[in-house]
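Colleague: I've got a model open and I'd like to learn how to read it. Could you walk me through it, one feature at a time?

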Amino acid sequence: MSVGIESWDQDHRELLRLIDELKDLEQNESHQVIISCLEYLMEYAEAHLASEERVMKDEMYPDIKSHKAKHDFYRRRITELQKKFEDGDKDWNLSKLIAFLMSWWIEHINKEDHKYKTFFQNKQKEIEGKLLSERWRKQL
Ligand SMILES: [Fe+2]
Ligand SMILES: [Fe+2]
């Protein structure tokens, strides 16, 4: 479901795809390969969360505080889970981590991210332009 900003829709699709890919890796790859892939996913996710927060701040989105609190909850929880997995905690396995990732992202996109759709409606072009130039600058 679209949140109205194409770059973010792309991020969401890519994040769900990466989580899905992790499921396949679980069967076939070593702990080390999975850890690297997980790290990539975490970086991608962090870049997306930070991007939403930057735009919300710039555009003075009224609900920024509660939205950011939801992102921060995710950051704390996933760091904790990632560490457990990396340390080889027996009570913790990749399936549980994937299940958390999948349910958090789907719920967050559909419930929380959807709330900003109307607020950003008339600013789509401006925001897309900003996001695009940020991406270019990062690649230089
Ligand atoms: Fe968000
Ligand atoms: Fe998002």
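**Reading the model**

Modeller: Sure. Let's start with one residue: with 11 C-beta neighbours inside 10 Å, D20 counts as exposed, because 12 or fewer is the cut-off. Keep in mind that this is a predicted model.

Colleague: Where does D20 lie?

Modeller: D20 is part of helix α1. Take N93 as a second point: D20 and N93 are 73 residues apart in sequence, and their C-alpha atoms are 16 Å apart in space.

Colleague: Let's zoom out. How many helices and strands does the chain have?

Modeller: Five helices and zero strands. Read from the N terminus, the order of elements is α-α-α-α-α.

Colleague: How do I describe two helices that pack together?

Modeller: Two packed helices are described by the angle between their axes and by the distance between those axes. Try helix α1 (residues 6-28) with helix α4 (residues 94-112): the angle is about 165° and the axes are 10 Å apart. An angle over 145 degrees counts as roughly antiparallel, so α1 and α4 are roughly antiparallel to each other. The crossing of α1 past α4 is left-handed.

Colleague: Which residues of α1 and α4 make the contact?

Modeller: From α1 you have H12, L15, L16, I19, L22, K23 and E26, and from α4 there are L94, S95, I98, L101, M102, W105 and I109. Sorted by class, this contact of α1 with α4 has 10 nonpolar, two polar and two charged residues.

Colleague: And at what angle do the axes of α2 and α3 cross?

Modeller: Roughly 170°, for helix α2 (residues 31-58) and helix α3 (residues 64-86), with the axes coming within 11 Å. That makes α2 roughly antiparallel to α3. On the α2 side, the contact is made by I35, L38, M42, L49, E53, M56 and K57; on the α3 side, by I64, H67, K68, H71, I78, Q82 and E86. The class split for α2 with α3 is seven nonpolar, three polar and four charged.

Colleague: What about the chain as a whole: what radius of gyration does the chain have?

Modeller: The chain has 16 Å; a compact globule with 140 residues would have a radius of gyration near 14 Å, so the value agrees. Along its principal axes, the C-alpha trace spans about 50 × 35 × 25 Å.

Colleague: What percentage of the 140 residues count as buried?

Modeller: That's 12% of the 140 residues. As for contacts between residues at least 6 apart in sequence, 68% join residues at least 24 apart.

Notes
Residues are numbered from 1 along each chain as its sequence is written. Chains are lettered from A and ligands numbered from 1 in the order in which they are written. This is a predicted model: local features need pLDDT of at least 70, side-chain atom pairs count only at pLDDT 80 or more; totals for chains, interfaces and linings use all residues. Axes are lines fitted to C-alpha atoms, for helices over the stretch in contact, and angles run from 0 to 180 degrees between N-to-C directions. Helices (H or I, at least four residues) and strands (E, at least two) are DSSP runs, numbered from the N terminus. Angles under 35 degrees count as roughly parallel, over 145 as roughly antiparallel, 65 to 115 as roughly perpendicular and the rest as oblique. A crossing is left-handed if the near helix is turned anticlockwise from the far one by less than a right angle, and right-handed if clockwise. Two residues are in contact if their C-beta atoms, placed from the backbone, lie within 7 Å. Ala, Val, Leu, Ile, Met, Phe, Trp, Tyr, Cys and Pro count as nonpolar, Asp, Glu, Lys and Arg as charged, and the others, Gly among them, as polar. A residue is buried if 20 or more other C-beta atoms lie within 10 Å of its own, exposed if 12 or fewer, and partly exposed in between; C-beta atoms are placed from the backbone. The radius of gyration is taken over C-alpha atoms; the globule rule is 2.2 Å times the number of residues to the power 0.38.
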